[in-house]
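Grab a coffee and work through these short exercises with the model open beside you. Try each task before you read its solution.

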Amino acid sequence: MAVFTTGEGVALDLPIARIPTRAAAMFIDLLLQAAVGWTLVAAIAGALVQIQPDVAWLTTVSLVGFVAVVAGYPITCETLFRGRTVGKIVLGLRVVREDGGPIDFRHALTRGLCWVIVDFWSLGGFGAVAVLTSLCSPRARRVGDVLAGTVVVHDRARIPLPSLAVAPPWLQGWAQQLDLSGLTEDLALPMRQYLTRYPGLTPEVQHHLGGALVAAVCTQLRIEAPPGYPPLQILGVLISERQRRTLTTRRSQWPAPALVASAPLAPTPFVPPVDAGWQRPA
């Protein structure tokens, strides 16, 4: 299992797909690629017999056909099926972004080209590079995954409900008046990680790292932090308000309740540890 922090600031534990399962999915895909390749070769050969091309034409057609089958197959499948090829569908695997979101054509293109050039065929020693890099990576990522920013996970496992930040009520009015559109994801991510990892941090790290994050967010938003409140409460209310606005905007785009078969389960709140850091100052 690995923790993925989504763009909405929630943490998900997803099971990572390891080498044996990915190898089995690749074997299924290779069988399909071989079938497609032989069919393509037979069709091209039948067409070329009529025009009797020279060696250069044959070399060019062979190279284009090889790239179209070896790279085009995974790129097309992962783009159309949202991170899955036929082999991955059979074994319940899916390619996702580092934040757990779905991939697009750009990610599939990077993975497919790296698969041909680096991980397997041209320079990969028939998969040796892919196996070595996967073994050395905590999330079993090959070179293509690292460059594309993706991870292969099991998509048939039950995904736990995400955790949302809960703001201290005495700061909600202050946060609701702020314009949070200037809060970039580059800063919001370490803020969410700080809140998630807060229980395991030492008091010194809690104070210094929290203070640095508060200073950075106040500079980016051009605001002043409310005096007398610890960093945990300030960062918590900002992330909570950001999540509330994001989820409210997305909820307004959902179908009307009469068209929904069943209401979704409410997410599990993230409640920081009950200590002096989360208590209202006297």
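**Exercise 1.** Which residues does H107 touch, not counting residues up to four places away in sequence?

*Solution.* A word on the ground rules: this is a predicted model, where local features need pLDDT of at least 70, side-chain atom pairs count only at pLDDT 80 or more, and totals for chains, interfaces and linings use all residues. Residues are numbered from 1 along each chain as its sequence is written, and side-chain values use heavy atoms, with hydrogens and water left out.

- Step 1: find H107 in helix α5, residues 105–119 (helices are DSSP runs of H or I with at least four residues, strands are runs of E with at least two, and both are numbered from the N terminus).
- Step 2: look for contacts, meaning heavy atoms within 4.5 Å. With residues up to four places away in sequence set aside, H107 touches R97, A148 and T150.
- Step 3: check accessibility. H107 has a relative accessible area of 5%, so it's buried (buried is under 20%, exposed over 50%, partly exposed in between, with a 1.4 Å probe and protein chains only).

**Exercise 2.** Work out how the rings of W115 and F120 are arranged, then do likewise for Y194 and Y198.

*Solution.* You need two values, as a pair of aromatic rings is described by the distance of the centres and the angle of the planes. Rings of Phe, Tyr and Trp (its six-membered ring) pair if their centres lie within 6.5 Å; planes under 30 degrees apart are stacked, over 60 edge-to-face, and the rest tilted.

- Step 1: count the pairs; there are 3 aromatic pairs by this rule.
- Step 2: W115 and F120 have ring centres 4.7 Å apart and planes at 20 degrees, so they're stacked. Both W115 and F120 are buried.
- Step 3: for Y194 and Y198, the centres are 5.7 Å apart and the planes at 75 degrees, so call this pair edge-to-face. Y194 and Y198 are buried too.
- Step 4: follow the ring pairs, and you'll see W115, F120 and F126 linked into a cluster.

**Exercise 3.** Which salt bridges does D155 make with R84 and R94, and what do they link?

*Solution.* A salt bridge is a side-chain nitrogen of Lys or Arg within 4 Å of a carboxyl oxygen of Asp or Glu.

- Step 1: R84 and D155 meet at 3.8 Å, N to O. This pair links distant parts of the chain, 71 residues apart.
- Step 2: D155 and R94 meet at 3.6 Å, N to O. D155 sits in the loop between β4 and β5 and R94 in strand β3, so the pair ties together parts 61 residues apart in sequence.
- Step 3: D155 is partly exposed, at 26% relative accessibility.
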